[in-house]
Amino acid sequence: MDGHLFQEAKVGYSGSRQYWLHSIFIGHLWASARLNPGASDVCYGWQEQLENDVVPLVSDDIPVWARMDNAYYRKQIVEWFEARPWDFSISVTNDNYCRPVLDCIEGLPKSAWTPIRSDNTEEAILSYHQPAGWNRQQTYVVTRRWHDGKQWLAVPRYSVILVSRSDLPLAELVRRHGRSRGRRMPRKVH
């Protein structure tokens, strides 16, 4: 889709006029979409989209687990979800956001980690941190992997996921968030 057909299209990341397609899925159902102009903030209009398009579709007795990428790691989004009976998880991939969470677990013994794969190539632990300006401490699942495909690593790779629940097994929290941690759900349309 080329932005020259739309009056409100703006210059995007590629330098051409375009729109950003922000989508929300419920399971495999494409429940909502907005075309945002150009290189706009990927979270632009998130609250209006959720409240007008998604909330009316989901009754209070239906369990919800919202999975989001690092773009949604924002105080106002977390507070919006915390005010509802919805569970959520957010990939935290920005180094500035990950570092304080990883600092909390630095130096913990191997016995503090829980294997979450039967082959012991991935472990997880809960970590707690209150980001600057946020009203309360948040709960994070930190995973560390000792392999990349079939290649074992000399230094583990860490992933950080903000979670709304800590009462589930660590493997279940990671499974619910999905193996595609860090993948952007919104798609850019040119």
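Gly149 is exposed, with a relative accessible area of 56%. This glycine belongs to the loop between β8 and β9, in a model that is predicted. The strands on either side of that loop are part of an open, mixed sheet of six strands, ordered β4-β5-β9-β8-β7-β6. The chain has an average pLDDT of 86, and 91% of its residues score at least 70.

**The β8-β9 hairpin**

- β8 and β9 make a hairpin with two residues between them, and in its turn Gly149 has a positive phi of about 70 degrees.
- The two strands, β8 (138-148) and β9 (151-163), run antiparallel and are joined by nine bridges.
- One of the facing pairs is Asp148 with Gln151 in β9.
- From Gly149 to Ile26 the C-alpha to C-alpha separation is 30 Å, with their positions 123 residues apart in sequence.

**The sheet and its edges**

- Strands of a sheet pair through backbone hydrogen bonds, in parallel or antiparallel fashion.
- In the order β4-β5-β9-β8-β7-β6, β4 (65-68) and β6 (114-115) stand at the edges with a single partner strand each, so one side of each has no neighbour in the sheet.
- β7 and β8 are antiparallel and joined by eight bridges.
- Among the residue pairs between these strands, Leu126 stands opposite Val141 in β8, and Glu122 has Arg145 in β8 as its bridge partner.
- Eight of the eleven residues of β8 are buried, so this strand is largely enclosed by the rest of the structure.
- β7 is likewise largely enclosed, because six of its eight residues are buried.

**The β6-β7 hairpin**

- Two bridges join β6 to β7 (residues 122-129), and these strands run antiparallel.
- Thr114 stands opposite Ala124 in β7, while Pro115 stands opposite Glu123 in the same strand.
- Six residues lie between the strands of this hairpin, and Asn120 takes a positive phi near 60 degrees there.
- Most residues other than glycine have a negative phi.
- Asn120 has a positive value although its residue type is not glycine.
- Asn120, in the loop between β6 and β7, counts as partly exposed at 45% relative accessibility.

**Helices across the sheet**

- Helix α2 (residues 75-82) lies across β4, β5 (87-92), β8 and β9, and runs at about 160 degrees to β5.
- Helix α3 (residues 95-105) lies across β5, β7, β8 and β9, at about 105 degrees to β7.

**Nonpolar cores**

- In soluble globular proteins, nonpolar side chains tend to be buried together.
- The largest nonpolar core here has 33 residues, and those with the most contacts inside it are Met68, Phe81, Phe88, Val142, Val160 and Leu162.
- Two or more residues of this core come from each of β2 (17-26), α1 (46-54), β4, α2, β5, α3, β8 and β9.
- A second, separate core has ten residues, including Trp65, Ile116, Val163 and Val174.
- Beyond four places in sequence, the residues that Val142 touches include Val101, Leu102, Ile105 and Trp113, and also Glu123, Ala124, Ile125 and Ser127.
- Tyr158, Ser159 and Val160 are also among the contacts of Val142.

**Helix α1 and Ser32**

- Trp46, Gln49, Leu50, Asp53 and Val54 are the buried residues of α1.
- These residues line one face of the helix, because they fall within an arc of 105 degrees when seen down the axis of α1.
- An α-helix has 3.6 residues a turn, so residues three or four places apart point the same way.
- β2, β3 and α2 are included in what covers the buried residues of α1.
- Ser32, in strand β3 (residues 29-37), counts as buried at 4% relative accessibility.
- Apart from neighbours within four places in sequence, Ser32 is in contact with His22, Ser23, Ile24, Gln49 and Asp53.
- Gln49 and Asp53 are thus contacts of Ser32 as well as buried residues of α1.

**Confidence**

- Over residues 180-190 pLDDT stays under 50, and for this stretch the model has 39 contacts beyond four places in sequence.

Methods: Residues numbered from 1 in each chain as written. Predicted model: local features only at pLDDT ≥ 70, side-chain atom pairs only at ≥ 80, totals over all residues. Heavy atoms only, no water. Pairing = 2+ DSSP bridges. Helix = DSSP H or I, 4+ residues; strand = E, 2+ residues; numbered from the N terminus. Contact = heavy atoms within 4.5 Å. Axes fitted to C-alpha atoms, helices over the stretch in contact; angles between N-to-C directions. Core = buried A, V, L, I, M, F, W, Y, C linked by side-chain atoms within 4.5 Å. Buried < 20%, exposed > 50% of the residue type's maximum accessible area, 1.4 Å probe, protein only. Arc of directions from axis to C-beta. pLDDT = per-residue confidence, 0-100.
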